[in-house]
Amino acid sequence: MGVTLKDVAALAGVSRSAVSRTFTEGASVSAKTRSKVEKAAKELGYSPNALASSLTTGRTKLIGLISNNFHNPIFLEVFDQFTRALQERGLRPLIVNLTDETEPANSVRMLRQYSVDAAIVASSTLPPSFAKAFHDAGVPVVHTFGRSATSPEVHVVGIDNVECGRMAARELRARGYKRIGYLGGPKDATSAMDRYRGFMEEVEKHPDLEVSHSFAGAYSFEAGREEMLALLKNKPADGYFCGDDILSIGALSALSDHGLKPGKDIGIIGLNDMEMSRWESVNLTTIHQPIKQIITSSVDLVEEMLKDPDRYPEARIFPCRVIERGTLRPRL
């Protein structure tokens, strides 16, 4: 059998309640008693039971980490960073897959069953109603990669997708592309529509530009490839803003099938700067989203909400920048 709290108390020569207090955050215990308990625990190889501790403190330290876009490889990077950041602060991530889930109430019910202390909605494709449902149910929540707003109803951390659309259009024009296109993610994703809106706002300032647009069925390699193959059947644009790196990589695959060279024959600019975009065989020019800073800020907000659940919602929006690689022609 494993070492118990009773064993530690016996070796340390203190009561079981003293051992419990030693391992309960914020509980009162003398330095002398703490030293005895910690020494006995180390000698016996004892670790406090987190679930039992939650019954005493009323806190599970479980943080629901929620997404619905698991087929996009960037979420391997996102969840790797999120889980490590939470664990480093003594919090425990509970990953929840909401792919194909359309009813926010079902998600709230699930997280309540696990008694999470807070939730992080890490998705740009889940509608804001999901994060709002957690908030309304009394679960502290951060919507990471959510839609920016001047008066958010929940905490939002991410980027200005409208400005990213403008940035991509400016970059294509600066490279001399006259017929440009937007290849976005699914139409029901706020990120896809916001990037499209910004793209069109910038294009409309320049009557010399010819513009087209299309939307893929998902943020996935297959969807990006399929959409670009369809575009190549007619008269494609000279340069495209693909609203996500994985869409861009799918589009590059379609260009390769047709013997077309990115940058030379058709330009491609993506968004995210995911690890795969840096591979030599991909070499994607893209808009860098500061994912590490976004995740750190999201976890900061979770910690702050655990201390003050009534904290007024805020939006933390991070700037992006173009990363120059090889899928656009040089600037004029």
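**A friendly note on the aromatic rings**

1. A good place to begin is Y177: the charged end of R329 sits over the ring of Y177, 4.0 Å from its centre. Here a charge sits over a ring if NZ of Lys or CZ of Arg is within 6 Å of the ring centre and within 35 degrees of the ring normal.

2. Please keep in mind that this is a predicted model, where local features need pLDDT of at least 70, side-chain atom pairs count only at pLDDT 80 or more, and totals for chains, interfaces and linings use all residues. Residues are numbered from 1 along each chain as its sequence is written, and side-chain values use heavy atoms, with hydrogens and water left out.

3. There are seven aromatic pairs in the structure (rings of Phe, Tyr and Trp, the last by its six-membered ring, with centres within 6.5 Å; planes under 30 degrees apart are stacked, over 60 edge-to-face, the rest tilted). One of them joins Y182 and F199, and it is tilted because the planes meet at 40°, with the ring centres 5.8 Å apart. This pair links distant parts of the chain, 17 residues apart: Y182 lies in strand β6 (residues 179–184) and F199 in helix α9 (residues 190–203). Helices (H or I, at least four residues) and strands (E, at least two) are DSSP runs, numbered from the N terminus.

4. Are Y182 and F199 buried or exposed? Y182 has 0% relative accessibility, so it counts as buried, and F199, also at 0%, counts as buried too. Buried means under 20% relative accessible area, exposed over 50%, partly exposed in between (1.4 Å probe, protein chains only).

5. Y196 and F215 make an edge-to-face pair, 5.5 Å centre to centre with 70° between the planes. Helix α9 holds Y196, while F215 is in strand β7 (residues 210–215), 19 residues apart. Both residues, Y196 and F215, are buried.

6. To tie this together, Y182, Y196, F199, F215 and F241 form one aromatic cluster.
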